[in-house]
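I opened this model to look up chain make-up, charge pairs and a few single residues. My entries follow in the order I made them.

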Amino acid sequence: MSGSESGSEDGPDEDGRFVVTRGGERRYRLMKGLELTRRRLAYLVVGIVFLFFVPDISNFTPLSFRAVAHGLMFGTAAVGLNLILRHTREVSFGHAAFFGTGAYATAILATHLKVTSGFVLLVGALVASTLMAAVIGFLTLRHRGIYFALLTLAFGQLLYALALGFEYLGGADGLPVRPGSANKVHLFGILFPSEVYTPLVYYITVIFVLLSLLVMLRIVKSPFGRALDAIGQDRTRAEFIGIPVTRYTWIAFVISGVYGGLAGGLFGLFQEYIRPGRTLFFFRSGEILFMAILGGFETLLGPLVGGIVLVYLLQSMRFFTEYFNFMTGVVLLAVVYFFPEGVVGSIQEGGALRLRLRELRSDPAVVTDWGSGAVTAARRSLGQLKYIIFGSR
Amino acid sequence: MVAIIQQTLNGLWFGLVLFLISSGLTIILGVLDVLNLTHGELFALGAYLATTVGGMILGSLAEPTGYGLQAAIVIVAVIGAIFLVGLILVPVGAVMESVFIRPVYDRPEEYQLVLTFGLLLIIRDAVAFIWGSIPLSWNDPYSGINELKTTELLGFAYPSYNFFIMVLIVISFVAILWFFNRTRIGRIIRATAINREMATALGVNTRRLYMLVFALGAFFAGVAGAMLVPTRATNLTMGEDPLVLSFVVIVIGGLGSIRGAFVAALVVGVVSRLAISIAPALELAAPFAIMVAILLIKPEGLFGTWGELE
């Protein structure tokens, strides 16, 4: 799958409702603002088909169905976070607060209010996370940069601590979303046995994820999205050209929180059990942020891909090696040093991976250059180390 | 009443150790402008090293049984072990800074967060590789320390080791203030925190200085970890809570302010311990509630930013 964004500002030279030509290249037009080249369309179709067949593929391959599902859910939260990370350039370090709010909303509705309809639970998650994001955004968006990151972190940890402390929220044990046999979650008003229920929730998740991607595309392409870009580039200037900066950043923050809440609600439906450590702990906030960067936060699909990759690394690597944290750490380091555009960004045209591959293909000897660069860097840092310890060069 | 005093003392003890951890984090943030997520793991590394180093040193000594010379020897040995652990962490911090963190100073902060989180995971698994994933505790060689009774004059028993460490941390707080206000290198560090370009123009080798500052931060984190070992068992996730709580402390105190970190750490420590006896459900939430309240009322923290003359 590759980034599905394109579109140029000049007027379309229409040759049909679904096929347009831009710069001599045929593009397939799926909706307003979404035009794909033939190759990208093929990638997209393959990706969607793959997502729908994951439960079947996992039956006869080691692919973990749960890890992909969790990856999709956390990835959706990361897509939401990316709205403020990519466009208004604010680093939120507390997005697990909204993921957790969504998840806990489903659990509270199911356990304490005896709600059984799955869609009511989801609506509850959306409403709760909207309110939570509105309040937290109102209180935190006065601050910028590292203060904003730390303040969102503090709110996330505050919710985590409250979930741990109050018996009503289940404490450290968490809450079930399907308490007892008498109170199971219904989908479409029907009670499904658990071997049907879980894949069905997965399919619903895929549909919601695709829908939320489309909505995000429309938001990004809208005048509102352009205004957010302007705010990210220069706040003062944006204010001067008449953009209501405070209100727009707040709305963007609420939208990104709603994505987190949707993901959390789906997670609640899928897991059927909520624990604070899995949903609200600040490591989850960090992971949601790192998913966006790992996948490539300058792209629309990047955070979702990053979510699947990171969750897969964290959940499935432990079956291959005891030191799966180490492997994940190495992957994150590689992203920072070698692929700052992330997975999707590097695969795209002009990305780091493409460039490296082209260099390698045109002149294989370039490998020795990379090697000697690494050796020089290592030697320099050893010299510095010697200075720190022995005090002379 | 006695219970309240005891909880307050526990809070002071907890807060002082927290100060030591956050002082390292705050000078790294103040000078390098990097939020170092590995700080909690450096703390855990210090604790694990202390189980080895302290065990080795104390294993060769007799257990303290009274007030005499033996107890004095053990106390000196404990200080020695703690200091040694800190010294071991200096090159660790220096290598981390020069190899991993230096290339990302000019990158957006989200990359710095990803990088330090990756390092956090790597250090955690390195610790698991060296010491195993089973919690370690060295209560046996250290437990004698807590049997020295020095608290009779207050009317109830309190571990003398905790008192001893509390005095030690207060002394090191004064020493840190002295270092940054009175010594040449300390003033250079502060000057660099205020204006890096100007410091470079005046001939400060900022690269070397940054390495020194990071090593210093690692030293404090390691010492704090080592100090806690006699009273608790180590485990692989022990760095998480101190990391988050030291975020709280440096935000309440003002990013980069040593004095602010000291006051904030004591407040956080005492309030969270008192909360246990008043409203147990709020124990974990209390520090974050304080932080949110402070940031909403006084966004720059209690003592403002560091570097400027205090």
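**Entry 1: the arginine patch**

I started with R278(A), which counts as partly exposed because its relative accessibility is 34%. My cut-offs are under 20% relative accessible area for buried, over 50% for exposed and partly exposed in between, with a 1.4 Å probe and protein chains only. This is a predicted model, so local features need pLDDT of at least 70 and side-chain atom pairs count only at pLDDT 80 or more, while totals for chains, interfaces and linings use all residues. Residues are numbered from 1 along each chain as its sequence is written, chains are lettered from A and ligands numbered from 1 in the order written, and side-chain values use heavy atoms, without hydrogens and water.

I placed R278(A) in helix α10 of chain A, residues 276-279. Helices here are DSSP runs of H or I with at least four residues, strands are E runs of at least two, and both are numbered from the N terminus. R278(A) joins R66(A), R275(A) and R318(A) in a positive surface patch. Patch members have over 30% relative accessible area and no salt bridge; like charges are joined within 9 Å, and nonpolar side chains (Val, Leu, Ile, Met, Phe, Trp, Tyr) within 5 Å. Lys and Arg count as positive, Asp and Glu as negative, with His and the chain ends not counted. I took the place of each charge as NZ of Lys, CZ of Arg, CG of Asp or CD of Glu.

**Entry 2: R284(A)**

Next I checked R284(A), in helix α11 of chain A. R284(A) counts as buried because its relative accessibility is 16%. I listed its contacts (heavy atoms within 4.5 Å), leaving aside neighbours within four places in sequence: F74(A), A96(A), G277(A), R278(A) and T279(A). R278(A) from the patch is thus on the contact list of R284(A).

**Entry 3: salt bridges**

How many salt bridges does the structure hold over all chains? I found eight. The criterion is a side-chain nitrogen of Lys or Arg within 4 Å of a carboxyl oxygen of Asp or Glu.

I looked at E298(A) with R89(A), where the closest N and O atoms are 3.0 Å apart. This pair links distant parts of the chain, 209 residues apart: E298(A) sits in the loop between α11 (282-295) and α12 (302-316), R89(A) in the loop between α2 (65-87) and α3 (96-111). E298(A) is partly exposed at 43% relative accessible area. R89(A) is partly exposed too, at 38%.

I then took E90(A) and R235(A), whose closest N and O atoms are 3.3 Å apart. E90(A) lies in the loop between α2 and α3 of chain A and R235(A) in helix α8 (residues 235-240), with their positions 145 residues apart. Are these two residues buried or exposed? Both E90(A) and R235(A) are buried.

In chain B, I noted R124(B) with E41(B), 3.1 Å from N to O. R124(B) is in helix α4 (residues 109-131) and E41(B) in helix α2 (residues 39-59), 83 residues apart. Both ends are buried: R124(B) has 8% relative accessibility, and E41(B) has 3%. Back in chain A, shared partners join E90(A), R144(A) and R235(A) into one salt-bridge network.

**Entry 4: N325(A)**

I followed R124(B) to N325(A), since it appears among the residues that N325(A) touches. The others are L314(A), L121(B) and D125(B), not counting residues up to four places away in sequence. N325(A) is in helix α13 of chain A, residues 324-337. N325(A) is buried, with 13% relative accessible area.

**Entry 5: G137(A)**

I found G137(A) in helix α4 of chain A, residues 118-140. G137(A) is buried at 0% relative accessibility. Its contacts, leaving aside neighbours within four places, are W250(A) and F253(A). The C-alpha atoms of G137(A) and W250(A) are separated by 5.9 Å, with the residues 113 apart along the chain.

**Entry 6: chain totals**

I closed with totals. Chain A has 16 helices and six strands. Of its 393 residues, 52% count as buried. Chain B has 12 helices and zero strands. Buried residues make up 56% of its 310 residues.

How values were computed: Accessible areas come from the Shrake-Rupley method with a 1.4 Å probe; for residues, only the protein chains shown count as cover.
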